[in-house]
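Colleague: Please take a close look at a single buried strand of this model and at how its surroundings are put together. I would like one connected account, with the criteria behind each term spelled out.

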Amino acid sequence: MIKTLSLKELSKKEVLLTSGHRMCAGCGAPTVVKMVLLASDYPVIAATATGCLEVSTCISDYTSWKIPWIHNAFENAAATIAGVESMYRSLKKQGRINKEIKFIAFGGDGGTYDIGIQSLSGAMERGHDMLYICYDNGAYMNTGIQRSSATPLGADTTTRPAGSVIPGKTEQKKNLTRIMAAHGIPYAAQASPSHWMDLMKKVRKALDIKGPKFMNIISPCNRGWRSRTDDSIMISKLAVDTCYWPLYEVEDGVTRITYTPKEKKPIVDFLKPQGRFKHLFKPENEWIIKKFQEDIDREWERLKKEASLSTTPGPIPTT
Amino acid sequence: MAKIAAVTGNEAVANALMQVNPDVSAAYPITPATDIMQRFTSFVSNAMVKTEMILVESEHSAMSACIGASAAGGRVMTATSSQGLALMWEMLFIASGLRLPIVMPVVNRALSAPLNIHGDHSDAMGARDSGWIQLWSENAQEAYDNTIQAFRIGEHMEIRLPVIVCLDGFIISHSIERIEYLEDEDVSNFVGEFRQVSPLLDIGHPVSYGPLILPDYYMEFRKAQDEVMSKVSKVVLDTAKEFEKISGRRYGLFETYRLDDAEIGLVILNSAAGTSKDVIDEFRNRGIKAGLLKPRLYRPFPYKEIGEALKHLKAVCVLDRADAFGGSYGPLFIDISTSLYPYSKKPILINKIYGLGGRDYLPEHAEFVLNELVEIAATEKVKIIKEYIGVRE
């Protein structure tokens, strides 16, 4: 068992999502899953919503999952893992199982923000001892880059394509992390694979807390974002540095920003490397970039204020 | 010693579930099945069962959680009706495709629109091709007995399929009847210990549930499911034999009533069979050779056995408490026609749709139908194949 999160120690751990899966080169999701599973010192059972991650990691007769794993349907990863966890509690209570096991559900933003939000909300409210992880790539990528409620303002998608009248998505992204925190669950957090230590510490912390936990992790998709395959981690870092994707956690109602960029970069730095925002740089769409920046500034200020009102700031323990 | 009680159908089913004592249940309220889970959760609150109860936010999540719990490796049940079953529809196919022996009493109720909370069979008929086994029950006693047998059938090592147990909404679910309960210990021994197959909770032997299967193997997978279905009848009969030993009550794939020497007959599901039997007795008293067949195992449908049982009749009316819109005839009629098709000499068939949305099925309806069959048997002439009865013109 690893006590500290050092690369040296982590390199000795078994990777529980094997290579050979069929995720695209440069996709953030398998990186996120590997980091999550690597962070756990407990045996894990996982459920995955229908989506890229699911269809690419378990094509009969092959599986990339070296842990017990279930795919049920699109909208119900939370209810499914809640069922697994309930059977665990039942058999444990009956003395038929005694191992300490952790339960994690993975879903994309479509399966989490949209079609799966009821199942997720229900599972969180019922207090199952589980961690739900959304890998948010901001659209229905598996079906071919359709707009979701996680799609950012202005983005070009196949169902809200940037045209002569409609300049891509005209609404701002749903703030799901806040919605989950508002459930009053013991732990909700945002993370990014660019800040792997922060991500893994949050997973460890979450797994050591009893009850329902939620983590929202940005997951670049070069197909949908129209970006270079080798820029994924760079773009997820820009998402953090522009405060498009602030890294923070809400633990027992206490909000803490876990990473503050030394210099907050302008949102154009995040938008520029992505073809889905290309049209925003036309003169007639400049107002969208302006609004995007205003939305981010407002939310970042709100988040800082929320964190400043919290009483017990402190470093995340590494053990 | 069996205990005799006066209880509602829902109470009888809840009692069966308590005696089976499953590991996990996930459920959501819906009329008229709510009462089953209300009673069951009071057993949970009072530690009369070991069940871990998941009070979900929808029927879709109820079935989703049941699937997760069953794959984890334990005995699982839920109950529902009508819209609840309709909302579960997507998950029904996943439960059967993953071969998870979940048991689900379905208290039959009409489907919207228009909204109606009363009894008819539209809900279960909508799920008839979902790969679930379906057992149908005439009264509270049969609902109780079928619920207990359902666990043993579904969990049979050669089957491993989910099972629906049907009982009529309100007519059976909310009416008080005399029932014989088995001893807790007898039920417990009858269903036995749950046998796990590749449980998710076996951390040492990780398995993946729910893979993507492309055109290269999808069809073989479906064929395997069809082959399992063909083994269900035998397991249902074997289970019935074992059940008779502890209960003294005999069950088959279907029930026949005065059918062996009958010339005209009714085919009818669930509670309306009881009313029909009384009327058949009256016709018999008048020297008319009438009989009845009441399917019990509705899915997989025992086509061959039912064809054999009906082929000698002159005229048969299939009564459907549901319509299959666009199929022209009621769902049960379509199955009965299929089972008789292979025979060159077979009865003339007619179809009546009755009792939708809780409309009463009265003795005069059975009488009306039997009189029509008498005429058809004599003249070999059919005025109309399908007709709604007990309905305003």
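Modeller: Chain B has a mean pLDDT of 98, with 100% of its residues at 70 or more, pLDDT being the predictor's confidence in each residue on a scale from 0 to 100. For the complex, the predictor gives an ipTM of 0.97 and a pTM of 0.97. This is a predicted model, in which local features need pLDDT of at least 70 and side-chain atom pairs count only at pLDDT 80 or more, while totals for chains, interfaces and linings use all residues. Residues are numbered from 1 along each chain as its sequence is written, and chains are lettered from A and ligands numbered from 1 in the order in which they are written.

The part I would single out is strand E7 (residues 163-168) of chain B, helices (H or I, at least four residues) and strands (E, at least two) being DSSP runs numbered from the N terminus. Six of the six residues of E7(B) are buried, so the strand is largely enclosed by the rest of the structure. Here a residue is buried if 20 or more other C-beta atoms lie within 10 Å of its own, exposed if 12 or fewer, and partly exposed in between, with C-beta atoms placed from the backbone. In a regular strand the side chains alternate between the two faces of the sheet. In E7(B), Val163(B), Val165(B) and Leu167(B) point one way, Ile164(B), Cys166(B) and Asp168(B) point the other way, and all are buried.

Two neighbouring strands can be followed from here, where strands pair if DSSP finds at least two bridges between them. Strand E5 (residues 103-108) of chain B pairs with E7(B) in the parallel sense over six bridges, and Val103(B) stands opposite Val163(B). Strand E6 (residues 133-136) of chain B also runs parallel to E7(B), joined to it by four bridges, with Ile133(B) as a bridge partner of Val163(B). From E6(B) the chain crosses through helix H6 (residues 140-154) of chain B to E7(B) in a right-handed β-α-β crossover, meaning that, with the strands pointing away from the viewer, the path from the first strand over the helix to the second runs clockwise.

Leaving aside residues up to four places away in sequence, Val163(B) touches Val103(B), Trp132(B), Ile133(B), Leu135(B), Ala150(B), Ile153(B) and Gly154(B), a contact being two C-beta atoms, placed from the backbone, within 7 Å. Val163(B) is also among the residues with the most contacts inside the largest nonpolar core, alongside Val84(A), Ile104(A), Ala105(A) and Ile133(A). That core has 219 residues; such a core is a set of buried Ala, Val, Leu, Ile, Met, Phe, Trp, Tyr and Cys residues joined through C-beta atoms within 7 Å. Helix H4 (residues 77-93) of chain A gives the most to this core, with nine residues.

Chain B is divided into domain 1 (3-182 + 204-247) and domain 2 (254-388), with bounds from an automatic or database domain assignment. The contact between these domains takes 26 residues from domain 1 and 21 residues from domain 2. E7(B) is one of the elements giving two or more residues to the domain 1 side, as are helix H5 (122-126), E6 and helix H9 (232-247) of chain B, and E6(B) supplies the largest share there, four residues.
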